[in-house]
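User: Hi! I am new to protein structures and would like to learn how to read one. Could you walk me through it, feature by feature?

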Amino acid sequence: MDEADSYSVIGDREAAAFELRRAGDVVAALYYTLDEENQQAVFVCCEIEETLAAAQHCRMLLTTATEAVESRGMSVSVTWPVALKVREVSH
């Protein structure tokens with residue numbers, strides 16, 4: 001089984017967050033605000049479980065959350081400094 005198969009990303013609109021889960025446990029949560037006027041989601045902070053896989057979890061969550069937002073016809077803005085660096089490396 002591919003390692004990515006054991007992960008899932010859940011969007012929680014009420015909490016304004018995307019959660020990365022592994023085996024049902026939340027390992028990271030990415031919080032956002034919506035700028036409806038500009039059709040934009042602003043990623044503001046992330047909580048990541050401190051493990052050796054934290055960097056991988058961050059990349060996976062940012063990538064999946066970005067794809068989910070863009071699939072709704074919205075753009076993404078990032079204000080969280082660590083995410084800015086992750087996005088630079090990923091692109």
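Analyst: Gladly! Let us begin with a term: a salt bridge is a side-chain nitrogen of Lys or Arg within 4 Å of a carboxyl oxygen of Asp or Glu. Keep in mind that the model here is predicted.

User: How many salt bridges does the structure hold, and which side chains meet there?

Analyst: The structure holds one. R21 and E19 are the partners, with N to O at 2.5 Å.

User: Are these two residues buried or exposed, or something in between?

Analyst: Here the cut-offs help: buried means under 20% relative accessible area, exposed means over 50%, and partly exposed lies in between. R21 has 28% relative accessibility, so it counts as partly exposed. E19 has 17%, so E19 counts as buried.

User: Let me step back to the whole chain. Which elements does it have, and in what order?

Analyst: There are two helices and five strands. Read from the N terminus, the order is β-β-β-β-α-β-α. Of the 91 residues in the protein chain, 33% are buried.

User: How do the strands pair up? I would like to follow β2, β3 and β4.

Analyst: Start with β2 and β3: they pair in the antiparallel sense over six bridges. You can find L20 opposite A28 in β3. The two strands form a hairpin with two residues between them, and A23 in the turn has a positive phi of about 55°.

User: And what joins β3 to β4?

Analyst: Eight bridges do, and these strands also run antiparallel. One pair to look for is L30 with its bridge partner C46 in β4. This hairpin has four residues between its strands, and Q39 in the turn has a positive phi of about 50°.

User: Where do the side chains of a strand point?

Analyst: In a regular strand, side chains alternate between the two faces of the sheet.

User: Next, the rings. How many aromatic pairs does a search of the whole structure find?

Analyst: The search finds two. In one, the ring centres of F18 and Y32 are 5.4 Å apart and the planes stand at 40°, so this pair is tilted. F18 belongs to strand β2 (residues 17-22) and Y32 to strand β3 (residues 25-35), so the pair ties together parts 14 residues apart in sequence. Both F18 and Y32 are buried.

User: What about F18 and F43: how are their rings arranged?

Analyst: Their centres are 6.5 Å apart and their planes are at 75°, so the pair is edge-to-face. This pair links distant parts of the chain, since F43 sits in strand β4 (residues 40-48), 25 residues from F18 in strand β2. Taken together, ring pairs link F18, Y32 and F43 into a cluster.

User: Why does F18 count as buried, and what is the value for F43?

Analyst: F18 has 5% relative accessibility, so it counts as buried. F43 is buried too, with a relative accessible area of 0%.

User: Last topic: which residues touch the most other members of the largest nonpolar core?

Analyst: In this core of 19 residues, they are F18, L20, L30, F43, L61 and V69. At least two core residues come from each of β2, β3, β4, α1 (54-71) and β5 (75-78). The element that gives the most is α1, with six residues.

User: And how much surface is accessible?

Analyst: The protein chain has about 5,800 Å² of accessible surface, and 49% of that belongs to carbon and sulfur atoms.

Technical notes:
Residues numbered from 1 in each chain as written. Predicted model: local features only at pLDDT ≥ 70, side-chain atom pairs only at ≥ 80, totals over all residues. Heavy atoms only, no water. Buried < 20%, exposed > 50% of the residue type's maximum accessible area, 1.4 Å probe, protein only. Areas by Shrake-Rupley, 256 points an atom, 1.4 Å probe, with all protein chains shown as cover. Phe/Tyr/Trp six-rings, centres within 6.5 Å; stacked < 30°, edge-to-face > 60°. Pairing = 2+ DSSP bridges. Core = buried A, V, L, I, M, F, W, Y, C linked by side-chain atoms within 4.5 Å.
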